[in-house]
Amino acid sequence: MLNKMSTTEGIKHPELSDRFNKDEARVNWHDDTLWWIRAKRDKAAHGISEWELLRETASQIKNNVLSNLHNYLIEFEGKAQANGITVHWAANAEEHNKIVLSLLQGKGINQMVKSKSMLTEECHLNDYLEKNGVDVIDSDLGERIVQLAKEPPSHIVLPCIHKKKEEIGQVFHENLGTEAGVSDPQVLTETARIHLRETFLTRRSALTGVNFAIAETGEFVVCTNEGNADMGAHLAEIHIASMGIEKLIPKKKHLGVFLRLLTRSATGQPITTYSSHFKRPRKGQEMHIILVDNGRSVQLGRESFRNSLKCIRCGACMNTCPVYRRSGGHSYHNAIAGPIGSILAPNLDMKEYADLPFASTLCGSCTNV
């Protein structure tokens, strides 16, 4: 898989947006599709009277976490270790990637199945592992499509939203042997299911992201709509979870607040299809969690940017943003696109991402959602 920087290095948002806008029909379709998802989000939000109370409650919980992050991290580490999970600390992307590779090499493993994790996109883990002889297959359908197409994801929730079904059909024809011209979503999904089933059954290692980690219990929660994280983690002999240090919540009772917010904001669903709790490895399995900083503690120390660490990666800011909708995710030349990416990326590398804060109309729609 090619990372975004390998194909757009040195090219900034204005030029990349111009490229995307040369296909007017695609731009209009991309715009309409994302606005449809934004409308689903609004309908789901208006369906519960306590929506704004939930948002404010979640914000205050995160305020508490960020003000006491050092204590909650130590609490989580202790509880996780008591549960039989091995905890690793990574100051940056390089350390994270080296830890993953060392765990695989220690078991003599050169193949891994991976569910969606924007943190690993941020760290360019796939490229790193493949350069070191490890074959990685992304098991989220959207992620697998862009991986086969040798493209990065363009959206944190909808990785291949920039592709039409006919283009996906061509990707599958070239890589998975489907008949030329087949673009029926049901046929393509069934093809992917058969292809990935073999992967789940044969891979000894699985990596997942982390949506929420609970300091009180030492467990972590992974939310998916496909069940692919569960298939990978439960069948593998070693489960590695990659987690940004901001993903903590204090107590298990707080989880309901965030689960009610997450999928309503992301796709307009009342709840994710699978909200999977991982607390301890099964007998004979190893479970590892890597706590990654990679610039987050710097953000924490900047009062003006502290709120960016509250982000639950729902993608609502992208779906509503008039710039993102009409310039495409790849124009942001960064793992996290859209309004939240325009905040996060420059704080990691001011020079490289100096263009992204200008990818805005200042309309405030992202703030609203």
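Phe-220 in strand 6 has its bridge partner in strand 9, namely Phe-278. The model in which this pairing appears is a predicted one. The two strands concerned, strand 6 (219-224) and strand 9 (274-278), run antiparallel and are joined by five bridges. They belong to an open sheet of four strands, whose order is 8-5-6-9 and whose pairing is mixed. At the edges of this sheet lie strand 8 (248-249) and strand 9, each of which pairs on one side only. As a general point, the side chains of a regular strand alternate between the two faces of the sheet.

Strand 5, a further member of this sheet, leads to the aromatic residues. A search of the whole structure finds three aromatic pairs. In one of them, the ring centres of Phe-212 and Phe-258 are 5.6 Å apart and the ring planes stand at 50°, so the pair is classed as tilted. Phe-212 lies in strand 5 (residues 212-214) and Phe-258 in helix 13 (residues 255-266); with these positions 46 residues apart, the pair links distant parts of the chain. Phe-212 and Phe-258 are both buried.

A second set of strand pairings involves strand 2 (111-114). Strand 2 runs parallel to strand 3 (residues 135-138), and four bridges join them. Strand 2 also pairs with strand 4, again in the parallel sense, over two bridges. Lys-114 has a partner in each of these neighbours: Asp-138 stands opposite Lys-114 in strand 3, and Leu-207 stands opposite Lys-114 in strand 4.

Helix 12 (residues 228-235) connects the description of these strands. Its buried residues are Asn-228, Ala-229, Asp-230, Gly-232 and Ala-233. These residues pack against strand 2, strand 4 (205-208), strand 6, strand 7 (238-244) and strand 9, and also against helix 11 (185-202). The buried residues of helix 12 therefore touch strands 6 and 9 of the open sheet as well as the parallel strands 2 and 4. In general, an α-helix has 3.6 residues a turn, so residues three or four places apart point the same way.

The cysteines may be considered next. Which bonds do they form with one another? The structure holds zero disulfides. For Cys-317, the closest cysteine sulfur is that of Cys-311, and the separation of 6.4 Å is too far for a bond. Cys-321 is likewise in no disulfide, as the nearest cysteine sulfur, in Cys-363, is 6.4 Å away. A disulfide would require the two sulfur atoms to lie within 2.5 Å. Cys-317 counts as buried because its relative accessibility is 16%, and Cys-321 is buried with a relative accessible area of 8%.

Two side-chain interactions complete the account. Ser-365 is found in helix 18 (residues 365-368). Is Ser-365 buried or exposed? Its relative accessibility is 16%, so Ser-365 counts as buried. The side chain of Ser-365 is joined to that of Arg-38 by a polar contact of 3.5 Å. When residues up to four places away in sequence are set aside, Ser-365 touches Arg-38 and Thr-320. Elsewhere, the charged end of Lys-164 sits over the ring of Trp-29, at 5.8 Å from the ring centre.

Technical notes:
Residues are numbered from 1 along each chain as its sequence is written. This is a predicted model: local features need pLDDT of at least 70, side-chain atom pairs count only at pLDDT 80 or more; totals for chains, interfaces and linings use all residues. Side-chain values use heavy atoms; hydrogens and water are left out. Buried means under 20% relative accessible area, exposed over 50%, partly exposed in between (1.4 Å probe, protein chains only). Contact means heavy atoms within 4.5 Å. Two strands pair if DSSP finds at least two bridges between them. Rings of Phe, Tyr and Trp (its six-membered ring) pair if their centres lie within 6.5 Å; planes under 30 degrees apart count as stacked, over 60 as edge-to-face and the rest as tilted. A charge sits over a ring if NZ of Lys or CZ of Arg is within 6 Å of the ring centre and within 35 degrees of the ring normal. A polar contact is a pair of N or O atoms within 3.5 Å; within protein, one must be able to donate a hydrogen and the other to accept it, and residues adjacent in sequence count only if both atoms are side-chain atoms.
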